[in-house]
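Hello,

Here is the structure I said I would pass on to you. Have a look at it first, and my notes follow underneath.

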Amino acid sequence: MLNIALFGPPGAGKGTQSEFIIKEYNLCYISTGDLLRKEIAEGTRLGQEAESIIAAGQLVSDEIIVQLIEKTIVTNPYSHGFLFDGFPRTYMQAYILEGLMIQHNSSLNCLINLDVDQDLTVRRLLERGKSSGRSDDNETVIKKRLQEYNEKTHPVLEFYREKGILRNVDGNKSIDDVTGQIKDILKEEMKHSLYNVVLFGYPGSGRGSHGEALAEKYGLEYIATGPMLAEEIEKGSEIGKSIESFYNSGELVPDDVVVQLIEEKIEKSRGNVKGYIFKGFPRTLVQSYMLDGMLKKRDSKISQIMEIEVPTLELINRLDKRRDTDKKKPYDSNTQKILMRLRDYEETTLPVLEKYKSLYGSVTIDGAGTFEEVFERIADEFKAGMNL
C-alpha cells in the first residue's frame, strides 16, 4: 500500500501532479475540499453540518474533516493506497492523520513537498488569473495566501522531517522534470512495500514453474499450498501427519491448517523479500477473504492479478504427458480425473478470479509457447506493474 501526502503552495502544480500520481499508481484521491463539496451536494448529515458552518463564515472543524477522510478510507478497502491533497494543513492535523492511519493498520509512506520560489508562484497565479476569472488571483490576495500557507505549513513540514519521511521536490522546474522527481521518490518508496501477486490459471497452465521462476528472479517468496503440504508430510511433523490422514480419507485439508502454514512462511521471510507470489491459494471465495485478512494484518494487500490462459485441449495434453514425469499430480492418472479437476477449477476458483478482477483488475498472459516465451510475457507484465 502506498500512502502519500502532496504539499505545495498555491500555484505549485499540485493538481497536475496529483492527476499523474493517481493514474500511474492507482491511488484513491483524498482532497478535503472535494470531499466537502461532495457531501454538501449530496445533502448528507455531514454535508448539511459543514454547509451551515461555511454559511456562518466559519472554518469547518477538524472533527468533520476527519470523519470525511475516514469515510473515504473505509469505503475504499481495496485501494492500492491514498493520495492526500490539502491534508494535513496544520500541526494538529498531522497528529490526526497519524492516528487515523494507525487505526486502519497503515501509515503515511512520505510527504512530497513541491518547493517553489515565491516570485515564481506569484507569476504563475497571476498568469492563471488572466483566464480563470478568479477574484483571488490578484497580487495582494496571492501574497497574503502565500504568507498564510508558509505560517501554517512550516510546522507540518518539520513534523514529517523529524519522522524522516519528508521528500522535497524542486517545483521551479518544468512539469515533466517535477514528474520525474516524483517518480524517482515513489520508485524508492515502493521498494519498501510488499508487492503481492496471485497467479491464476487452469491446472496445466504452468503457474507453478512460472511462479517459482518469477519469485527467484525478482526476490519474492513463492507460496504454493501443494508443495507446503507435501513438505510437512515428508518431515513427519504433527501437522504433516494430520494432512496425510486427510489425504488418506479423501478429504480436503481444512483451511485453518493451510492458513497456519502460509502465516508461518510469511513470518519467516519478513524483511527478506520484496513480496509474495501465491499459487493455488486462494482456491475459494472463503480463502480469498482469508488472504485479504492476512495481508491487511501486515499493512499490505494484493498488488497484481495474473491469469495464464491456455486452450483446454492443450491443458489436457500437458496434464496427460505430466503423468509420466516426477511432477505428476494425483489427478493426472487418467483423462476423466483431469477433466474433473479442470471442472472443479472452473466452478470453485473462477469466481475468485472474477472477484479480484472487479477489485484490482487483472492481466491475461498467453500461456502457449515455450517456457521462455511465456515467462518473458509474464515478466514484462510484472515489471510494468512494479514500475520497474
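Let me begin with one residue: Arg341 is buried, its relative accessible area being 19%. Please keep in mind that this is a predicted model. Arg341 has a charged partner, as its side chain meets that of Asp344 in a salt bridge, with 3.4 Å from N to O. Both residues belong to helix H15, where they sit 3 residues apart, about one turn of the helix. Asp344, at 29% relative accessibility, counts as partly exposed, whereas Arg341 falls under the 20% limit for buried.

Helix H15 (residues 335–360) also holds Lys357. Which residue does Lys357 form a salt bridge with? The partner is Glu307, and the closest N and O atoms of the two are 3.7 Å apart. Glu307 lies in strand S9 (residues 304–309), so this pair ties together parts that are 50 residues apart in sequence. Here the acid is the buried one: Glu307 has 11% relative accessibility, while Lys357 is partly exposed at 29%.

A further pair is found in helix H7 (residues 139–163), where Arg161 and Glu158 are 3 residues apart, or about one helical turn. Their side chains meet in a salt bridge of 3.0 Å, N to O. Both ends are partly exposed, Arg161 with a relative accessible area of 44% and Glu158 with 26%. As background, an α-helix has 3.6 residues a turn, so residues three or four places apart point the same way.

There is a network as well: salt bridges link Glu263, Glu267, Lys297 and Arg298. The count of salt bridges comes to 22.

Next, helix H10 (residues 225–235). Which of its residues are buried? They are Thr225, Met228, Leu229 and Glu232. These four cover an arc of only 95° around the axis, which puts them on the same side of H10. What do they pack against? The buried residues of H10 meet two strands, S7 (221–224) and S8 (275–279), and two helices, H11 (238–248) and H12 (255–269). After H10 comes Gly236, which has a positive phi, near 70°.

Finally, the domains. The domain assignment splits the protein into domain 1 (2–192) and domain 2 (195–386). Their C-alpha centres lie 40 Å apart, and the contact takes 9 residues from domain 1 and 11 residues from domain 2. About 830 Å² is buried between domain 1 and domain 2, with carbon and sulfur atoms giving 46% of that area. On the domain 1 side, Tyr78, His80 and Asn105 supply 63% of the area buried against domain 2, more than any other three residues.

How many salt bridges are there between domain 1 and domain 2? The count is 0. Polar contacts do occur across this interface, where 3 residue pairs are found, both residues of each being at pLDDT 80 or more.

If you open the model alongside this note, two places to start are the Arg341 and Asp344 pair in H15 and the domain 1 residues Tyr78, His80 and Asn105.

Best wishes

Methods
Residues are numbered from 1 along each chain as its sequence is written. Side-chain values use heavy atoms; hydrogens and water are left out. Buried means under 20% relative accessible area, exposed over 50%, partly exposed in between (1.4 Å probe, protein chains only). The arc is that of the directions from the helix axis to the C-beta atoms. Contact means heavy atoms within 4.5 Å. Domain bounds come from an automatic or database domain assignment. Buried area is the accessible area (1.4 Å probe) that two parts lose on being put together, summed over both. A salt bridge is a side-chain nitrogen of Lys or Arg within 4 Å of a carboxyl oxygen of Asp or Glu. A polar contact is a pair of N or O atoms within 3.5 Å; within protein, one must be able to donate a hydrogen and the other to accept it, and residues adjacent in sequence count only if both atoms are side-chain atoms.
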